[in-house]
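Please open the structure in a viewer and keep the selection panel at hand. The tour proceeds from one selection to the next and states what is to be found at each stop.

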Amino acid sequence: MSSIREVSVDVEGMSCASCAKGIERSLGKVGGVMDVDVDLMSSSAYICFDSNKVDLDDLLDTIEDGGYEVHGYKGVEGELSSIQLGIEGMTCTSCAQKIERELNKLQGVSSATVNFAAETAVIEYSSEEINENRFKEVVEKTGYKVVEEGGSYTYNVEDSWRQMVIAWAFTLPIMVWMVPEMFYGVAWPNMEIYNAGIILLTIPVLFFAGKKTIIQASKSILNLNPNMDLLIAIGSFAAFITGPLIFLGATVLNFTPIASMIMAFHLTGRWIEAKAKGRASEAIRGLMELEPETANLITDEGEELVSISRINVGDKVAVRPGEKIPVDGVVVKGEGAVDESMATGESMPITKQPGDEVIGSTVNQDGYLEVEATKIGEDTFLSQVIEMVKEAQSKKVPIQKFADRVTRYFVPTILALATITFFLWWLAPQQAMFIAQPLDQYLFWVDTTMSPIMLALYAAIATLVIACPCALGLATPTALIVGSGKGAENGILIRKGEAIQTLKDVNTILLDKTGTLTEGKMSVTDIKPTKQNTKQKLLSYAATAETRSEHTIARAITEKAKQQNIEIQEPDDFQVIKGKGVIATKNNKKITVGNRTLIKEQTDNQPQETEETLQKLENQGKTGILIAIDNEVIGVIAIYDKLKPDAKKTLQNLKQKGYKLKMITGDNKRTAKAIAREAGINQVHAEVMPDEKASEVQKLQKQTKGKIAMVGDGINDAPALAQADIGIAIGTGTDIAIESADIVLIKGQLQGIQKAIKLSQKTFQKIKQNLWWALGYNTTMIPLAIIGILHPVFAPAAMAASSASVILNSNRLKNKKI
């Protein structure tokens, strides 16, 4: 299999051609790089390299070392597949980084992200070059196990609990036995039995309860990937070996009890961490538990209670009061009040009648419903929500790159510091104890009268076991897991984890009009024929032309024709003119229905009478649709789409908080400005064609300081959503718009924008708090250990508390109001 890889990297921070050339030169100097092309306009770098000679991580580091930011990358091999794996056996972020590096080395892998907190790996790859079994092989070769997603949670908690209980069952007697010798200098019953007994009690703690830690430490050495377990293993073994050395005639103190306490505190920290990580992931498990397991399938013989897996698209199911609707579908019979709060957050039940769509796993509170399945299994709304939340939780936000860089070199650095500390205290004890000696009389655990070798061992062990890269590695993913879960509970789906960080920096919000600011429910308000024509004739021709169109305006016109019992004929020919209207023919007559631009293109003139009517309607916020037969304009039909109930209040609150609001629409300027006035928006970009929206966003990005969020719902908004710094899709919109967005508002209400911004701010605040705590802990405690005033027993307890505090702080997000 070829080792040549090609990637396209998104680079931010280039301001001129010199920047691009500088990156090209830097990358070109790296061994293994075969071709580089950096494009300033698209802010991207194409790199072709030999993965046997250079890692992709090193190339990304080269770009960032030049002062630029990498905002993601993708393979250029073609269509990529994606898979999420559950991984068991990771004990710290070094483990996750090792797996990530090994997966990223594989030919055919575009990107692999391993999340220690979520215990998952998300891999994007070319299915033509590599298959899923290869990923499992690599993970297991690295020393870990691939499991069913989420399947290891219960096992981890129970296993951690069992190991902790065993450890303390032997450690507590050791601590009690130590008291006479520690405080009174009396070893009971004598020193030989005391030393031998302590050793025998410590063996099961280290080699039975701590077996997993020792094994993982051994694997980390074999894989040249030192991790947290290695620090604990070396520290506890160094303390333990002093006991047997006494029986071999060495003149040393017995630090063996310290070994058992180090391992016991370490295993306690593992249990607390497993419990807290589980609480952080409760949102996902809660969503999964909402899925019903059975359904009442309607057959020719009656009803049959079957497993949900037996339901197919097109099947009909019966839903009685109090039961969950098993699938996404359409009501075909009956009427009921459905509680959709799990999907939309809306507390009031929604009345459902024949023709209405229902969401699987929502509860039918009242009435009998027969539902025809339209989506089943992985295609249901709830399954898609679960996948979106999982995807968001598994992604890394930009700030996490800083933590990853620190943790990557953390353990090797601690090993080096511990080695230096040992030799410093052994070879120059008087110089090393310049701080510890004055504190000897105040801190009962500090004893500078010990021999140099024991002082060296004391300080080195404390340095090894006090270090905590786990807290640093957990700081970002735990907050992201809780934040995305909190969002899902409030109808906010974060599809891309980086949106959490970017959204807080948004200062300009660009809103689509139809379906976003307005309800998207068009209705005909005025029918204005010219003097020579009638309302019936005008509506009849318009409905005939629009009957094949799926546009909301077309539906409003045809619905009005049906209400007035006007016969709608099938056109002989039909053509959609994108962003302008439709042209149809019937009985050799050309019918043009659309805006001014289309009418001007298809007719010679537009009567002053219709232009005045059109302007009057547009000033009222209505959309005027012109109808022409052959070369003659025969009238205007006005369409109105009212603002969403929460639009004014939401936009007013956003303006008060300093956000710049702009509206973008394909509608004419008068109508757009009238709606904008009603909504409280001052700046309007009107008459923007669907294919021009993305370009308009790009222009605004160049003109505006800060980030831009685009809010939309339709197919024509998808490119603009993708172009914006943050794309926010209204959940009631099209699938294409949702796929292009970073955040999805399930309820379709604009107040979700406020909630999403607040969620971003609160989550990022927690990430920063966690990082500051983790960094502060390590930069404070490691020096204390090096100078000899931190007892090795205190170190693992403090380390466990550090990891637990980061996770518990993240869990506090659950109680925050958004």
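Begin by selecting Val 179, Met 182, Phe 183, Tyr 184, Val 186, Phe 444 and Phe 794, which together make a nonpolar surface patch of about 780 Å² in this predicted model. Helix H5, residues 152–184, supplies the largest share of the nonpolar patch, namely four residues. Phe 794 belongs to helix H31, which covers residues 794–811. With a relative accessibility of 34%, Phe 794 counts as partly exposed.

**The whole chain**

Now zoom out to the full protein chain. It has 818 residues, of which 54% count as buried. The secondary structure comprises 31 helices and 30 strands. Measured out along the principal axes, the C-alpha trace spans about 120 × 75 × 55 Å.

**Annotated segments**

Next, select residues 165–187, 193–210, 230–249, 409–428, 453–476 and 770–787, which an unreviewed UniProt entry annotates as "transmembrane region". Two of these segments may be inspected individually. Residues 230–249 are 85% helix and 0% strand, and the C-alpha atoms at the ends lie 28 Å apart. For residues 453–476 the helix content is 92% and the strand content 0%, with 40 Å between the end C-alpha atoms.

The unreviewed UniProt entry also carries the annotation "domain: HMA", covering residues 5–71 and 81–147. Select residues 81–147: the chain there is 33% helix and 36% strand, and its end C-alpha atoms are 20 Å apart.

**A negative patch**

Move to Glu 6, Asp 35, Asp 37 and Asp 39, which form a negative surface patch. Which strand gives the negative patch its largest share? It is strand S2, residues 33–39, with three residues. One residue to highlight in strand S2 is Asp 35. The relative accessible area of Asp 35 is 39%, so this residue is partly exposed.

**Two long spans**

Select Trp 426, which is placed in helix H14, residues 400–427. Its relative accessibility is 39%, and Trp 426 therefore counts as partly exposed. Draw a distance from the C-alpha atom of Trp 426 to that of Gly 748: the two are separated by 68 Å and are 322 residues apart along the chain.

Then select Lys 560 in helix H22, residues 552–563. Lys 560 counts as partly exposed, at 22% relative accessibility. From Lys 560 to Pro 189 the C-alpha to C-alpha distance is 100 Å, and the two residues are 371 apart in sequence.

**Salt bridges**

Side chains of opposite charge can pair when their charged atoms come close. The structure holds 17 salt bridges. Three of the pairs are visited here.

Display the side chains of Asp 572 and Lys 586, which meet in a salt bridge with an N to O distance of 4.0 Å. This pair links distant parts of the chain, 14 residues apart: Asp 572 is in the loop between H22 and strand S21 (573–577), and Lys 586 is in strand S22 (residues 581–586). Are the two partners buried or exposed? Asp 572 is exposed, with a relative accessible area of 52%, whereas Lys 586 is buried, with a relative accessible area of 17%.

Continue to Arg 596 and Glu 611, a salt bridge whose closest N and O atoms are 3.1 Å apart. Arg 596 lies in helix H23 (residues 596–602) and Glu 611 in helix H24 (residues 608–619), so this salt bridge ties together parts that are 15 residues apart in sequence. Arg 596 counts as buried at 17% relative accessibility. Glu 611 is buried as well, with a relative accessible area of 15%.

Keep Arg 596 selected and add Glu 618. These residues form a salt bridge in which the closest N and O atoms are 3.0 Å apart. The pair links distant parts of the chain, Glu 618 in helix H24 and Arg 596 in helix H23, 22 residues apart. Both Glu 618 and Arg 596 are buried. To complete this stop, add Arg 670 to the selection: salt bridges with shared partners join Arg 596, Glu 611, Glu 618 and Arg 670 into one network.

Definitions and conventions. Residues numbered from 1 in each chain as written. Predicted model: local features only at pLDDT ≥ 70, side-chain atom pairs only at ≥ 80, totals over all residues. Heavy atoms only, no water. UniProt positions renumbered as here; feature names shortened; annotations may be inferred. Helix = DSSP H or I, 4+ residues; strand = E, 2+ residues; numbered from the N terminus. Patch = residues over 30% accessible without salt bridge, like charges linked within 9 Å, V, L, I, M, F, W, Y side chains within 5 Å. Areas by Shrake-Rupley, 256 points an atom, 1.4 Å probe, with all protein chains shown as cover. Lys, Arg positive; Asp, Glu negative; His and termini not counted. Charge placed at Lys NZ, Arg CZ, Asp CG, Glu CD. Buried < 20%, exposed > 50% of the residue type's maximum accessible area, 1.4 Å probe, protein only.
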